[in-house]
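Open the model in your viewer and keep the selection tool at hand. We will go stop by stop, with something to pick at each one.

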Amino acid sequence: AEDADMMSRSRTEGFTLIELLVAVGLLALMSAVLFGSLGFAGRSWDAGEAKAENNAGMRLAGDYLRTQLAAQHPQRMRKIVEFPLLFSGDREEVRFTAALPGRVGLGGMWYFRLAVSPVSGKQETALVVDRMIPDLAALEMPNFNDAERSVIADDIKALKVSYYGRDKGASLDVAPSWRDRWDDTQLLPQLIRIEVTPRLGEPWPSIVVAPREAPEAGCRGWDTVRQ
């Protein structure tokens, strides 16, 4: 009788195989859910860090472009007829003259070109600034064949540049307007708008800059009446 009672209590206090399989299944399900949650949290954290890094890079690049474009100087070629300004631009690039920051290298006025271009050793294109010291006594406009290059932002798909001003030779009663090209060799545009589209993510906020110096700063015989 005592042996039968002990065997009955053992069966009552133990687990059956079905109960054990159910417990193991629940444990596996909970582990899968927990692992998935941790993975999702990790991906969200990585995405947040990547977005924060991209935003920081975008702000730095935007601040640099605002500073350089606003500081552009109406530098002129001295031995070319009409003394043309070292400024030109179209939809995909803009060329201008400005002082090189002392932390970058030698000071003085440099000739810059902002564009989207392939970068050596990388498959994607980048937003780059080429720079050179212009020879103002040359008989033709300088090119950028041997220019130094700095990468402003990686993995950039497109650059769009717009210029606000009047047509070349237009009278003062003509309202300025935005255009995709600047051909006036005697006047700077009133505003320059830079729009950058990365390969991934949203386009940057538009960068609108007004040159600090008036066009007459670089002119030998400025006519105040006719401008």
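Is S162 buried or exposed? Select S162 and look. This is a predicted model. At 2% relative accessibility, S162 is buried, because the cut-off for that word is under 20%.

**Stop 1: around S162**

Show strand β6, residues 156-165; S162 lies in this strand. Now bring up the contacts of S162, skipping neighbours within four places in sequence. W178, R179 and D180 are among them. So are L191, I192, R193 and E195. L191, I192, R193 and E195 fall in the range of strand β8, which spans 191-198.

**Stop 2: the largest core**

In soluble globular proteins, nonpolar side chains tend to be buried together. Here is the case in this model. The largest nonpolar core holds 29 residues. Select F87, L114, L127, I194 and W204: these have the most contacts inside that core.

Next, colour the elements that give two or more residues to the core. They are α2, β2 (93-99), β3 (109-118), β4 (125-132), β6, β8 (191-198) and β9 (207-209). Which element gives the largest share? Helix α2 does, with five residues.

Zoom in on L127. Leaving aside neighbours within four places in sequence, L127 touches L65, L114, A115 and V116, among others. Its contacts also include S150, V151, I152 and A153. I156, L159, V196 and W204 belong to the list too.

Another core lies apart from the largest one. This second core has eight residues, among them L86, Y111, L136 and F144.

**Stop 3: aromatic pairs**

How many aromatic pairs does the structure hold? The number is four. We will visit two of them.

Select F87 and Y163. Their ring centres are 6.3 Å apart and their planes stand at 90°, so this pair is edge-to-face. F87 sits in the loop between α2 and β1 (88-89), while Y163 is in strand β6, so the pair ties together parts 76 residues apart in sequence. Both F87 and Y163 are buried. F87 is also one of the residues with the most contacts inside the largest core.

Now select F96 and F112. Their ring centres are 5.4 Å apart with planes at 15°, so the pair is stacked. F96 belongs to strand β2 and F112 to strand β3; the pair links distant parts of the chain, 16 residues apart. Both F96 and F112 are buried.

**Stop 4: salt bridges**

Switch to the charged side chains. A search of the whole structure finds ten salt bridges.

Start with D130 and R113. Their side chains meet in a salt bridge at 2.8 Å, N to O. D130 is in strand β4 and R113 in strand β3, 17 residues apart. D130 is buried, at 4% relative accessible area. R113 also counts as buried, at 17% relative accessibility.

Keep D130 selected and add R149. These two side chains form a salt bridge at 2.7 Å, N to O. This pair links D130 in strand β4 with R149 in strand β5 (residues 148-153), 19 residues apart. R149 is partly exposed, with a relative accessible area of 41%.

Which residues are linked in a network of salt bridges? Show R113, D130 and R149 together: they form such a network.

Now pick R131 and E148. Their side chains meet in a salt bridge at 3.3 Å, N to O. R131 lies in strand β4 and E148 in strand β5, so the pair ties together parts 17 residues apart in sequence. R131 counts as buried, at 11% relative accessibility. E148 is partly exposed, at 40%.

**Stop 5: out to the surface**

Turn on the surface and select I18, V22, L26, L29 and V33. These residues form a nonpolar patch on the surface. Together they have about 500 Å² of accessible area.

Finish on V22. It is found in helix α2, residues 17-70. V22 is partly exposed, with a relative accessible area of 48%. Helix α2 is also the element that gives the largest core its largest share, five residues.

Note on methods
Residues numbered from 1 in each chain as written. Predicted model: local features only at pLDDT ≥ 70, side-chain atom pairs only at ≥ 80, totals over all residues. Heavy atoms only, no water. Helix = DSSP H or I, 4+ residues; strand = E, 2+ residues; numbered from the N terminus. Buried < 20%, exposed > 50% of the residue type's maximum accessible area, 1.4 Å probe, protein only. Contact = heavy atoms within 4.5 Å. Patch = residues over 30% accessible without salt bridge, like charges linked within 9 Å, V, L, I, M, F, W, Y side chains within 5 Å. Areas by Shrake-Rupley, 256 points an atom, 1.4 Å probe, with all protein chains shown as cover. Salt bridge = Lys/Arg side-chain N within 4 Å of Asp/Glu carboxyl O. Core = buried A, V, L, I, M, F, W, Y, C linked by side-chain atoms within 4.5 Å. Phe/Tyr/Trp six-rings, centres within 6.5 Å; stacked < 30°, edge-to-face > 60°.
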